[in-house]
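Subject: Structure for you to look at

Hi there,

Here is the structure I promised to pass on, together with some notes from going through it. Have a look at it first, and then read on.

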Amino acid sequence: MADQRDGGIAWTDQSWNPARGCSRVSAGCTRCYAETMAARFSDPGQPYHGLAGVTDAGPRWTGEVRLVPERLADPLRWRRPRRIFVNSMSDLFHEKLTNEEIAAVFGVMAIADWHCYQLLTKRAQRMRE
């Protein structure tokens with residue numbers, strides 16, 4: 001989660017990461033900023049441990065994806081309406097997330113309806129389903 005008002009992503013106010021981790025799925029993933037950032041924070045005890053790392057070919061996701069239960073309710077605590085980028089460090093429609101985990105994220109979005117949620121995915125087929 002990061003407040004974007006003081007720089008960062010111009011088209012959003014806040015990022016919310018109820019899931020972490022990813023894997024490359026297309027050529028558009030070649031220079032993934034999230035993969036690079038996650039690799040920087042992948043040492044033991046850090047939030048992306050086991051999810052990304054630095055290889056001879058550069059930063060790489062491991063393919064592991066995890067729901068982060070302690071981040072799930074964050075939008076409920078933000079009283080001022082915000083434009084929220086959901087999973088700037090993952091893909092909510094990754095095949096390793098269960099339908100129930102995705103539904104839990106959508107449940108929070110439905111309850112905290114004073115916010116505007118922005119979702120980006122390279123897995124449009126799963127999103128459609």
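Where is leucine 92 found? It is in the loop between strand 7 and helix 3. Please keep in mind that this is a predicted model.

I began with leucine 92 for its surroundings. Its relative accessible area is 3%, so leucine 92 is buried. Beyond the neighbours within four places in sequence, leucine 92 is in contact with Val86, Asn87, Leu97, Ile102, Val105, Phe106 and Leu119. Two C-alpha distances help to place leucine 92 in the fold. Arginine 20 is 72 residues away in sequence, yet its C-alpha lies 9.0 Å from that of leucine 92. Arginine 126, 34 residues along the chain from leucine 92, has its C-alpha 9.7 Å away.

The overall picture

The protein chain has 4 helices and 8 strands. In sequence order they give the pattern β-β-β-α-β-β-β-α-β-α-β-α. The radius of gyration is 14 Å, close to the 14 Å that the globule rule gives for 129 residues, so the protein chain is as compact as a globular protein of that length. Its C-alpha trace spans about 45 × 35 × 30 Å along the principal axes.

Of the 129 residues, 43% count as buried. Among contacts with a separation of 6 or more, 71% are between residues 24 or more positions apart. The protein chain exposes about 7200 Å², and carbon and sulfur atoms supply 55% of that area. As for charge, there are 18 positive and 15 negative ones, and the mean positions of the two sets are 4 Å apart.

Helix 1 and the loop after it

Helix 1 has Ala34, Glu35, Ala38 and Ala39 as its buried residues. Viewed down the helix axis, these buried residues fall within an arc of 135 degrees, so they line one face of the helix. They pack against strand 4 and strand 5 (58-61). You may like to note that a glutamate, Glu35, is among the buried residues here.

Tyrosine 48 belongs to the loop between helix 1 (33-40) and strand 4 (52-55). With a relative accessible area of 8%, tyrosine 48 is buried. Leaving aside neighbours within four places in sequence, tyrosine 48 is in contact with Arg20, Gly21, Ala38, Phe41, Ser42, Trp61 and Met89. One of these, Ala38, is also a buried residue of helix 1. By contrast, alanine 10 is 38 residues from tyrosine 48 along the chain, and their C-alpha atoms are separated by 25 Å.

Back to the loop between strand 7 and helix 3

Two further residues of this loop are worth a look. Asparagine 87 is placed between strand 7 (83-86) and helix 3, and counts as buried at 2% relative accessibility. Its phi is positive, about 60 degrees, although asparagine 87 is not a glycine. In general, most residues other than glycine have a negative phi.

Serine 88 is found in the same loop, between strand 7 and helix 3. Serine 88 is buried too, with a relative accessible area of 9%. Not counting residues up to four places away in sequence, serine 88 touches Ser15, Trp16, Asn17, Tyr33 and Ala34. Ala34 links this loop to helix 1, where Ala34 is one of the buried residues.

Helices 3 and 4

Is glutamate 101, in helix 3 (residues 99-111), buried or partly exposed? With a relative accessible area of 24%, glutamate 101 is partly exposed, since buried means under 20%. Glutamate 101 contacts Leu67 and Lys96, leaving aside its neighbours within four places in sequence. Arginine 66 lies 35 residues from glutamate 101 in sequence and 9.4 Å from it in space, C-alpha to C-alpha.

Arginine 126 lies in helix 4 (residues 124-128). Outside its neighbours within four places in sequence, arginine 126 is in contact with Phe93, His94, Glu95, Leu97, Thr98, Asn99 and Ile102. Leu97 and Ile102 appear in the contacts of leucine 92 as well, which brings us back to the residue we started from.

That is what I have so far. Happy browsing!

Best wishes

Technical notes:
Residues are numbered from 1 along each chain as its sequence is written. This is a predicted model: local features need pLDDT of at least 70, side-chain atom pairs count only at pLDDT 80 or more; totals for chains, interfaces and linings use all residues. Side-chain values use heavy atoms; hydrogens and water are left out. Helices (H or I, at least four residues) and strands (E, at least two) are DSSP runs, numbered from the N terminus. Buried means under 20% relative accessible area, exposed over 50%, partly exposed in between (1.4 Å probe, protein chains only). Contact means heavy atoms within 4.5 Å. The radius of gyration is taken over C-alpha atoms; the globule rule is 2.2 Å times the number of residues to the power 0.38. Accessible areas come from the Shrake-Rupley method with a 1.4 Å probe; for residues, only the protein chains shown count as cover. Lys and Arg count as positive and Asp and Glu as negative; His and the chain ends are not counted. The place of a charge is taken as NZ of Lys, CZ of Arg, CG of Asp or CD of Glu. The arc is that of the directions from the helix axis to the C-beta atoms.
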